[in-house]
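Open the model in your viewer and keep the selection tool at hand. The stops below say what to select and what is there.

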Amino acid sequence: MVRRKNQWPDEGELVVGTVHKVLNYGAFANLEEYQGKEAFIHISEVSSGWVKNIRDYVRENQKIVARVLRVNPKKGHVDVSMKRIREDQRTKKIQSWKIEQKAEKFLELAGKTMDKNLDTAYNEVGYLMMERFGDIYGAFEASAEEGESALMNEGVSEEWAQAITKIAKKNITPPEVQITGYVDIKSYASNGVEIIKKALESAEGDNIVIQCVGAPRYRLIVKATDYIQAEKDLKQAADQCIEAVEASEGEGTFYRELE
């Protein structure tokens with residue numbers, strides 16, 4: 001069960017629940033993100049149309065997404081509505097909940113490497129990651145891309161940062177974008193072919209591939225974790241090619257391929 005630091009949801013919040021009791025006038029659902037709490041869906045809040053038989057819309061063990069209408073901690077009541085959300089909101093909430101379930105498993109695995117259970121993991125670092133990164137999965141993504149420092153800079157201890165990063169790098173593939181550009185480069189020196197070859201080699205890297213389209217044009221393909229970094233790497237590679245050629249009696253021009 002994915003947990004929240006707050007004991008009760010806020011009014012207006014979207015929650016995920018599992019229906020455990022259906023009556024003629026409404027249904028009760030256990031809240032997946034709030035341990036030990038349940039919500040009540042009145043029959044009038046099940047669907048925007050007239051509901052003759054509530055079981056046509058909800059059933060036991062069904063996963064639902066609902067909007068919180070009222071919260072009364074003193075009475076232990078949470079009233080929710082299934083009809084006051086759009087389909088895209090329902091889909092997005094289910095997706096984010098499933099991702100957080102996966103993140104909780106990662107957190108549990110990280111804790112086990114230090115002989116710490118899930119309760120301890122939440123108390124020592126889980127709630128902190130929610131606060132600093134928005135959710136637990138966001139923290140794992142950051143550590144997969146940037147390493148331990150991404151966590152330690154937000155107050156996570158070195159011990160936890162190391163354990164989390166190890167799990168993150170094993171289970172999360174950082175997002176990747178690819179962009180393309182071209183350089184037209186010419187050299188009028190006697191050894192112009194060699195100059196161009198060295199210029200192209202100077203621009204190649206782990207994330208940069210250079211292909212010959214047909215002299216004097218060469219294609220630069222760059223892969224990176226985001227578009228800003230990809231654009232930066234592409235421009236830098238193109239500038240290196242052009243500067244190397246211009247330094248040896250040549251000329252060059254950069255063209256960006258529009259997506």
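Select Glu249. With a relative accessible area of 58%, Glu249 is exposed; exposed means over 50% relative accessible area, buried means under 20%, and partly exposed lies in between, taken with a 1.4 Å probe on protein chains only. Glu249 sits in the loop between α7 and β9, where helices (H or I, at least four residues) and strands (E, at least two) are DSSP runs numbered from the N terminus. The phi of Glu249 is near 60°, a positive value in a residue other than glycine.

This is a predicted model, in which local features need pLDDT of at least 70 and side-chain atom pairs count only at pLDDT 80 or more, while totals for chains, interfaces and linings use all residues. Residues are numbered from 1 along each chain as its sequence is written, and side-chain values use heavy atoms, with hydrogens and water left out.

Go next to Asn61, in the loop between β3 (38–42) and β4. Asn61 also has a positive phi, of about 70°, although it is not a glycine. Its relative accessible area is 65%, so Asn61 is exposed. Most residues other than glycine have a negative phi, and most peptide bonds are trans.

For a peptide bond, select Ala215 and Pro216. The bond that joins them is cis, with omega about 10°. Pro216 has its place in the loop between β7 and β8.

Now show the strands on either side of that loop. They belong to an open sheet of four strands in the order β7-β8-β6-β9, with antiparallel pairing; two strands pair if DSSP finds at least two bridges between them. β7 (208–214) and β9 (250–256) stand at the edges with a single partner strand each, so one side of each has no neighbour in the sheet. On average, neighbouring strands of this sheet are turned by 25° against each other, direction ignored. Axes here are lines fitted to C-alpha atoms, for helices over the stretch in contact, and angles run from 0 to 180 degrees between N-to-C directions.

Within this sheet, select residues 177–187 and 217–224. These are β6 and β8, which run antiparallel and are joined by eight bridges. Val183 stands opposite Tyr218 in β8. Two helices can be added to the view. Helix α6 (residues 192–203) packs on the sheet and touches β6, β7 and β8, its direction making about 160° with that of β6; contact means heavy atoms within 4.5 Å. Helix α7 (residues 227–246) also packs on the sheet, touching β6, β7, β8 and β9, and its direction makes about 10° with that of β6.

Which cysteine is exposed, at 52% relative accessibility? It is Cys212. Cys241, at 0% relative accessibility, counts as buried. The sulfur of Cys241 is 12 Å from the closest cysteine sulfur, in Cys212, too far for a bond. With a disulfide taken as a pair of cysteine sulfur atoms within 2.5 Å, the count comes to zero.

Move to β1, residues 14–23. Seven of the ten residues of β1 are buried, so the strand is largely enclosed by the rest of the structure. β1 and β2 (residues 26–31) run antiparallel and are joined by six bridges; a hairpin of two residues connects them. Leu23 stands opposite Gly26 in β2. β1 also pairs with β4 (residues 63–72), in the antiparallel sense over five bridges, and there the bridge partner of Thr18 is Lys63.

Select α3 (136–146) next. Eight of its eleven residues are buried, and they pack against α1, α2, α4 (149–152) and α5. At the N-terminal end of α3, Asp135 acts as a cap: a side-chain oxygen lies 3.5 Å from the backbone nitrogen of Tyr137. Just after α3, Gly147 takes a positive phi of about 90°.

The last stop is the largest nonpolar core, which has 33 residues. Such a core is a set of buried Ala, Val, Leu, Ile, Met, Phe, Trp, Tyr and Cys residues joined through side-chain atoms within 4.5 Å. Leu107, Tyr122, Met129 and Trp160 are among those with the most contacts inside it. α2 (118–133) is one of the elements that supply at least two residues, and the largest share, seven residues, comes from α2. To finish, select Met129, whose contacts beyond four places in sequence include Leu107, Phe140, Val156 and Ile164.

Technical notes: A polar contact is a pair of N or O atoms within 3.5 Å; within protein, one must be able to donate a hydrogen and the other to accept it, and residues adjacent in sequence count only if both atoms are side-chain atoms.
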